[in-house]
Amino acid sequence: MQRDEILHWLKETDEARLEELWARADAVRKERVGDEVHLRGLIEIGNYCVRQCAYCGINACSQGITRYRMATEEILACAREAHRLGYGSVVMQAGEDPGFKAETIAAIVREIKTTTPLAVTLSLGEREDDELRLWKEAGADRYLLRFETSDPALYDHIHPSLPGTLSDRMAQLERMRDMGYEIGTGVMVGIPGQTWDILAQDIDTFRDYDMDMIGIGPFLPSPRTPLGGPDAASHMAPEGLQVPNDELTTLKAVALTRLVCPQSNIPSTTALATLDPKAGRELGLSRGANVVMPNVTPPEYRVLYEIYPGKACVHETAQVCHGCMEARIRSIGRVMGKGPGGRKAS
Ligand code: SAH
């Protein structure tokens, strides 16, 4: 599928034609990655952050949030809970926080890898190569780092570099792949300033880089941030060019990503479930996705990991999230994934 065809589908509004897109995406999903839905236990290990991402509610400038950093023993307890619930992997995610020392993370990874069969995914932002290497040697399997947008000007605008450095997430993704990580990335749909062309290019980029995992969710404005505050309108692309941050467009992006990256692991994201608590998860899974990331963070911390307001399942326990997810998966005739659920070989 060429870029202009991706673009055309993104803008498609005819329901009958869209049924064709959903059916194609679901057929490719079934044929290439099967009916298993892989569950990744998400541990939001801390919300300190040094970055000033204009979309993110826990960015360094965000006022009025209580900051936390989970202790090693607390993180390990979450990993054990994920294993007990039958998940094949855990994702440790945080703001970009040098307060999490590389050695501390390495020790946690080592402990999880020597005491459980879990695959370990890290999502800790932009870190030094020697730290990434240390974590790989400790046993980390995967790293999630969304490139957020393939448009350099929009990237600079929403994700400013730290003083004296140049943020280059694509380069980090490539270096991590060379280190032996499975690499995951993604974008938000409808970020202010995102045009249809840019979103089509994002999807093309997933294919160009042959990404192993691709997370796509709607942009959900946080009033604590420049892109969600009173000036949000001033960041929008001109009328007709701006991509809306709605469910339909997100589902089109998920379906198209499945078509261009047939073997990738694609989650049905929490942001999509937040936008549509009733059916978002199931719709994502029915239109290309094959992964979900149930939250295993203790409720007292997950409320503080407020990258956007109203996050789905924010007051639930890991056990409740598990039961809910299992029911949703079964309701659409899919099966719970077994084992670590790594990227299928081409
Ligand atoms: N600090 C890590 C993890 C960030 S949170 C990192 O930078 O990689 C994970 C993802 O949540 C981000 O990459 C971003 O795409 C998404 N996100 C952040 N703020 C959001 C918002 N307001 N609406 C929707 N998604 C958001």
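Me: What makes the pairing of the side chain of arginine 146 with an oxygen atom of the ligand a polar contact?
Reply: An N or O atom in the side chain of arginine 146 is 2.9 Å from an oxygen atom of the ligand. A polar contact is a pair of N or O atoms within 3.5 Å; within protein, one atom must be able to donate a hydrogen and the other to accept it, and residues adjacent in sequence count only if both atoms are side-chain atoms. The pair at arginine 146 therefore qualifies. The model is a predicted one, in which local features need pLDDT of at least 70 and side-chain atom pairs count only at pLDDT 80 or more, while totals for chains, interfaces and linings use all residues. Residues are numbered from 1 along each chain as its sequence is written, and side-chain values use heavy atoms, with hydrogens and water left out.

Me: Which atoms of arginine 169 and alanine 94 pair with the ligand?
Reply: In arginine 169, an N or O atom of the side chain is 2.8 Å from an oxygen atom of the ligand. In alanine 94, a backbone N or O atom lies 2.9 Å from a nitrogen atom of the ligand. The ligand alone exposes 550 Å², and the protein buries 92% of that, as given by the Shrake-Rupley method with a 1.4 Å probe (for residues, only the protein chains shown count as cover).

Me: How many residues surround the ligand, and of what kinds are they?
Reply: The ligand is surrounded by 18 residues, and the closest are Tyr55, Ala94, Glu148, Arg169 and Leu220. A residue is near a molecule or strand if one of its heavy atoms lies within 4 Å of it. The shell consists of 11 nonpolar, 3 polar and 4 charged residues. Here Ala, Val, Leu, Ile, Met, Phe, Trp, Tyr, Cys and Pro count as nonpolar, Asp, Glu, Lys and Arg as charged, and the others, Gly among them, as polar.

Me: Why is histidine 322 called buried?
Reply: Its relative accessible area is 10%. Buried means under 20%, exposed over 50%, and partly exposed in between (1.4 Å probe, protein chains only), so histidine 322 is buried. Histidine 322 is found in helix α13, residues 318–331; helices (H or I, at least four residues) and strands (E, at least two) are DSSP runs, numbered from the N terminus. Beyond residues up to four places away in sequence, histidine 322 touches Leu85, Tyr87 and Met336, where contact means heavy atoms within 4.5 Å.

Me: How do you know whether glutamine 242 is buried or exposed?
Reply: The relative accessibility of glutamine 242 is 15%, so this residue counts as buried. Glutamine 242 is found in the loop between β6 (213–218) and α9. Its side chain reaches the backbone nitrogen of glycine 193 at 2.8 Å. Apart from residues up to four places away in sequence, glutamine 242 touches several residues, including Gly190, Pro192, Trp196 and Met236.

Me: What makes up the largest nonpolar core?
Reply: This core has 92 residues, and those with the most contacts inside it are Ile43, Leu122, Trp135 and Tyr181. Helix α9 (residues 247–260) gives the most to this core, with 7 residues. A nonpolar core is a set of buried Ala, Val, Leu, Ile, Met, Phe, Trp, Tyr and Cys residues joined through side-chain atoms within 4.5 Å. Not counting residues up to four places away in sequence, tryptophan 135 touches Leu122 and Tyr181, among others. A second, separate core of 6 residues includes Leu42, Leu144, Met213 and Met293.

Me: Why is aspartate 141 called partly exposed?
Reply: Aspartate 141 has a relative accessibility of 24%, so it counts as partly exposed. Aspartate 141 is found in the loop between α5 (129–138) and β4 (142–144). Aspartate 141 and valine 120 are 21 residues apart in sequence and 5.4 Å apart in space, C-alpha to C-alpha.

Me: What is notable about the phi of aspartate 210 and of cysteine 313?
Reply: Aspartate 210 has a positive phi of about 50° although it is not a glycine, and phi of cysteine 313 is near 65°, also positive in a residue other than glycine. Most residues other than glycine have a negative phi. Aspartate 210 lies in the loop between α8 (196–208) and β6, and cysteine 313 in the loop between α12 (299–302) and α13.

Me: How do you know whether lysine 278 is buried or exposed?
Reply: Lysine 278 has a relative accessibility of 76%, so it counts as exposed. Lysine 278 lies in the loop between α10 (270–275) and α11 (280–286).
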